[in-house]
Amino acid sequence: MQRKFWPKKQKIYLIGAGGVSMSALASCLLSAGFTVAGSDVVRSERTAALEARGVGFVCGHAPERAAAADAVVRSSAVPDDDPELVAARAAGVPVYDRADLLALIADGFDVSVGIAGCHGKTTATAMCAHVLQACGGCTAHIGGEDIDYGSYWEGGDRCFVTEVCEYRGNIRKLRPTVAVVLNTDVDHLECYGSAEALFDAYAAYARAAPAAVVCGEDPVAAAVRPALTFGLTEGCDVRALRLRSSGGRYSFTLSIRGQPCGRIRLNVYGRHNVYNALAAAAVAEQCGFPPARTAAGLAGFRGIRRRFERLGKLYGAELIADYAHHPREIAAALETARQAFGGRLFVVFQPHTYSRTRLLFDEFLSVLSGVEDLVIYKTYPAREYFDAAGSALTLAEKLPNALYVETLRELSVYLRCSLRAGDTALFLGAGDIYCAAKRLLNAKL
């Protein structure tokens with residue numbers, strides 16, 4: 001990647017370097033010729049990969065190294081009293097949020113595409129990357145692990161596509177030339193205080209861009225003047241017609257401004273992915289690329305790890321892992337599992353943060369109450385402290401069909417005694433439930 005920012009800086013220190021977005025930014029900085037170092041509280045496959053590429057990684061804190069850098073970049077999860085952050089500021093080192101660096105990178109491209117929304121950002125970003133790559137090339141920052149591209153893909157210096165996170169107002173920092181809004185569902189109320197404030201942030205993000213591409217079925221379409229809308233309903237500029245499902249995978253005829261433009265076949269599960277594909281098609285149309293290239297790009301997209309990922313067989317059952325941690329995402333995952341697989345459905349759900357569970361408690365009850373074989377696994381707190389009102393135990397106590405477990409061994413015993421061939425075990429959550437699923441699969445208890 002061409003270096004078009006920080007011409008007088010060389011040594012960059014990343015706090016929270018093991019995160020999927022931060023590790024992608026580390027790859028980008030390395031490609032641009034910077035010297036990169038960083039830290040995280042745990043070692044992981046991602047930190048090992050960074051070390052293999054020459055990143056000076058520290059497990060824990062190294063305040064003296066942060067203080068010696070030319071710039072420090074912190075993850076959104078890093079608190080203001082982090083010792084490395086405190087040391088850097090005391091030494092006069094400029095500190096940037098993750099979104100600040102992302103905005104600088106995006107500004108260096110002729111075309112930058114930012115994909116925002118409560119659900120589907122990672123998948124839509126990866127789909128868009130595959131489509132733009134098929135159209136001549138792009139560089140992509142993906143908030144997950146694309147099976148082929150990983151979290152960072154470098155395929156050209158003209159187009160850049162990135163996921164845009166709304167957490168802590170990060171959405172206000174990105175200035176893409178094409179702003180995509182997939183949906184404006186409610187989340188992160190601990191940051192915004194109300195659904196209205198969150199909606200206003202999405203709308204302001206779309207209005208500030210030279211061109212906005214939004215879902216025509218979402219209220220945001222009426223609040224902005226989009227260049228293009230996408231969706232399934234009549235009136236949307238980019239639509240899916242003659243929708244068909246085969247074992248949970250969808251195909252459709254792509255229609256642009258009323259004109260059929262060929263058949264699209266998706267290799268990933270779920271009706272919700274039709275919307276993600278339409279968003280990518282709308283971006284290609286806005287950028288002036290032919291629909292045939294869109295079809296080719298989407299045909300080459302094989303999926304994102306932890307997005308309805310088939311891991312193998314667990315006690316004879318099909319083991320699926322999905323990142324769903326919001327009620328609407330859980331509903332989509334449940335619908336997809338029932339379409340794609342027969343037999344009994346066992347669901348293991350790990351709540352992600354106490355605040356989300358507390359603030360959306362009734363919605364979680366509603367979506368989970370229809371699951372007959374349900375396990376609630378201990379909360380993944382992420383950046384938060386314990387809150388009984390939003391705990392996994394409190395949620396499980398309100399669901400008469402749920403079993404609450406705190407340890408992997410408890411979960412293993414239950415599933416070993418319950419699962420049989422032909423069943424499906426669906427592990428849901430954005431925390432360490434994915435690692436739990438893999439440990440169960442490998443019998444590493």
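# Exercises on a predicted model

The side chain of Ser355 makes a polar contact with the side chain of Glu384, at 2.4 Å. This contact belongs to a predicted model, and the exercises below begin with Ser355 before turning to other parts of the chain.

**Exercise 1.** Work out in which helix Ser355 is found, whether Ser355 is buried or exposed, and which residues Ser355 touches beyond those up to four places away in sequence.

*Solution.* Begin with the secondary structure, where Ser355 is found in helix H13, which covers residues 354-359. Next, take the relative accessible area of Ser355, which is 6%; buried means under 20%, so Ser355 counts as buried. Finally, leave out the residues up to four places away in sequence, and the residues that Ser355 touches are Glu190 and Glu384. Glu384 is also the residue whose side chain makes the polar contact with the side chain of Ser355.

**Exercise 2.** Describe how strand E19 (residues 373-377) is placed, asking how many of its residues are buried, which way they point, and which strands are joined to E19 by bridges.

*Solution.* First consider burial: five of the five residues of E19 are buried, so the strand is largely enclosed by the rest of the structure. Then consider direction, recalling that in a regular strand the side chains alternate between the two faces of the sheet. In E19, Asp373, Val375 and Tyr377 point one way, while Leu374 and Ile376 point the other way. Now turn to the pairing: four bridges join strand E18 (residues 345-349) to E19, and these strands run parallel, with Phe349 having Ile376 as its bridge partner in E19. Four bridges also join E19 to strand E20 (residues 402-405), again running parallel, and here the bridge partner of Tyr377 in E20 is Val405. As a last step, add helix H15 (residues 392-397), which together with E19 and E20 makes a right-handed β-α-β unit.

**Exercise 3.** Find the helix that holds Leu368, decide whether Leu368 is buried or exposed, and list the contacts of Leu368 outside its neighbours within four places in sequence.

*Solution.* Leu368 lies in helix H14, which covers residues 361-368. The relative accessible area of Leu368 is 0%, so this residue is buried. Leaving aside the neighbours within four places in sequence, Leu368 is in contact with Ile330, Phe349, Leu374, Ile376, Leu395, Leu399 and Asn401. Two of these names can be traced back to the previous exercise, where Phe349 and Ile376 appeared as bridge partners. For a contrast in distance, Leu368 and Val93 are 275 residues apart in sequence, and their C-alpha atoms lie 48 Å apart in space.

**Exercise 4.** Set out the strand order of the open sheet of five strands, name its edge strands, and say which helices lie against it.

*Solution.* Start with the order, which is E3-E2-E1-E4-E5, with parallel pairing. The edge strands, each pairing on one side only, are E3 (56-59) and E5 (95-97), and the twist averages 20° from one strand to the next. Looking inside the sheet, five bridges join E1 (residues 11-15) to E2 (residues 35-40), and Lys11 stands opposite Thr35 in E2. Then place the helices: H1 (residues 20-31) packs on the sheet and touches E1, E2 and E4 (71-74), its direction making about 170° with that of E1. Helix H5 (residues 98-107), in turn, lies across E4 and E5 and runs at about 80° to E5.

Conventions. Residues numbered from 1 in each chain as written. Predicted model: local features only at pLDDT ≥ 70, side-chain atom pairs only at ≥ 80, totals over all residues. Heavy atoms only, no water. Pairing = 2+ DSSP bridges. Helix = DSSP H or I, 4+ residues; strand = E, 2+ residues; numbered from the N terminus. Axes fitted to C-alpha atoms, helices over the stretch in contact; angles between N-to-C directions. Contact = heavy atoms within 4.5 Å. Buried < 20%, exposed > 50% of the residue type's maximum accessible area, 1.4 Å probe, protein only. Right-handed = clockwise from strand over helix to strand, strands pointing away. Polar contact = N/O pair within 3.5 Å; in protein donor to acceptor, adjacent residues only side chain to side chain.
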